[in-house]
Amino acid sequence: MSTSIISLRPEQKNLTLTVKVINATTVMTRQRGPRASAVKVAECLVADSTGIIVFVARNEQVDVAQTGAIITLKGAKVDMYRGSMRISVDGGLVEAGGDLQGPVNTSNNMSLLEFELVTIGA
């Protein structure tokens, strides 16, 4: 079952989302060595009918998450960066295509919401 962007909360894991890539910007491309493959990282704004959030794509995920593409994120997790949510896929799968229902909502940016994580007990 697919999760909607509006329902995302800090530290959630093993999520499946089908989204449209609104914008994809490569933020890093670095060669690791003469025999190792390059490391690529892109920050992508992705949206569904409920909202928009930043997706951090790595390596081969960058090639799939191109502006305008509809992609499915399987095994996604919500990471916190400076108090704001982002999604990433480590050990999961980023696939081209998917069943995206309705027009996308770019006005409800979940990455702009700030959260304060509190540890209970000590």
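**Close-up views of a five-stranded barrel**

**View 1. The barrel as a whole.** Five strands form a closed barrel in the order E1-E2-E3-E5-E4, and their pairing is mixed. On average, neighbouring strands of this sheet are turned by 45° against each other, with direction ignored. The model shown in this and the other views is predicted.

**View 2. The pairing of E1 with E2.** Strand E1 covers residues 15–30 and strand E2 covers residues 39–47. The two strands pair in the antiparallel sense, over nine bridges. Two of the residue pairs can be picked out here. Thr 29 has Lys 40 in E2 as its bridge partner, and Arg 30 has Val 39 in E2 as its bridge partner.

**View 3. The hairpin of E2 and E3.** Strands E2 and E3 make a hairpin, with four residues between them. E2 and E3 run antiparallel and are joined by seven bridges. Within this part of the barrel, Glu 43 stands opposite Val 56 in E3.

**View 4. The largest nonpolar core.** This core has 24 residues, and the members that touch the most other members are Leu 8, Phe 55, Ile 71 and Leu 73. Two or more residues of the core come from each of E1, E2, strand E3 (52–58), strand E4 (70–81) and E5. In soluble globular proteins, nonpolar side chains tend to be buried together.

**View 5. The surroundings of Ile 71.** Ile 71 is one of the core residues that touch the most other members. Apart from neighbours within four places in sequence, Ile 71 is in contact with Leu 17, Thr 18, Val 19 and Val 21, among others. Its contacts also include Phe 55, Val 64 and Ala 65. Val 94, Glu 95, Ala 96 and Gly 97 are further residues in contact with Ile 71.

**View 6. Ser 84 in strand E5.** Ser 84 lies in strand E5, which covers residues 84–96. Ser 84 has a relative accessible area of 14%, so this residue is classed as buried, the cut-off being under 20%. A polar atom of the Ser 84 side chain lies 3.2 Å from the backbone oxygen of Ser 111. Not counting residues up to four places away in sequence, Ser 84 touches Asp 79, Ser 111, Leu 113 and Glu 114. Ser 111 therefore appears in this view both as a residue that Ser 84 touches and as the owner of the backbone oxygen 3.2 Å from the side chain of Ser 84.

Technical notes
Residues are numbered from 1 along each chain as its sequence is written. This is a predicted model: local features need pLDDT of at least 70, side-chain atom pairs count only at pLDDT 80 or more; totals for chains, interfaces and linings use all residues. Side-chain values use heavy atoms; hydrogens and water are left out. Buried means under 20% relative accessible area, exposed over 50%, partly exposed in between (1.4 Å probe, protein chains only). A polar contact is a pair of N or O atoms within 3.5 Å; within protein, one must be able to donate a hydrogen and the other to accept it, and residues adjacent in sequence count only if both atoms are side-chain atoms. Contact means heavy atoms within 4.5 Å. Two strands pair if DSSP finds at least two bridges between them. Axes are lines fitted to C-alpha atoms, for helices over the stretch in contact, and angles run from 0 to 180 degrees between N-to-C directions. A nonpolar core is a set of buried Ala, Val, Leu, Ile, Met, Phe, Trp, Tyr and Cys residues joined through side-chain atoms within 4.5 Å.
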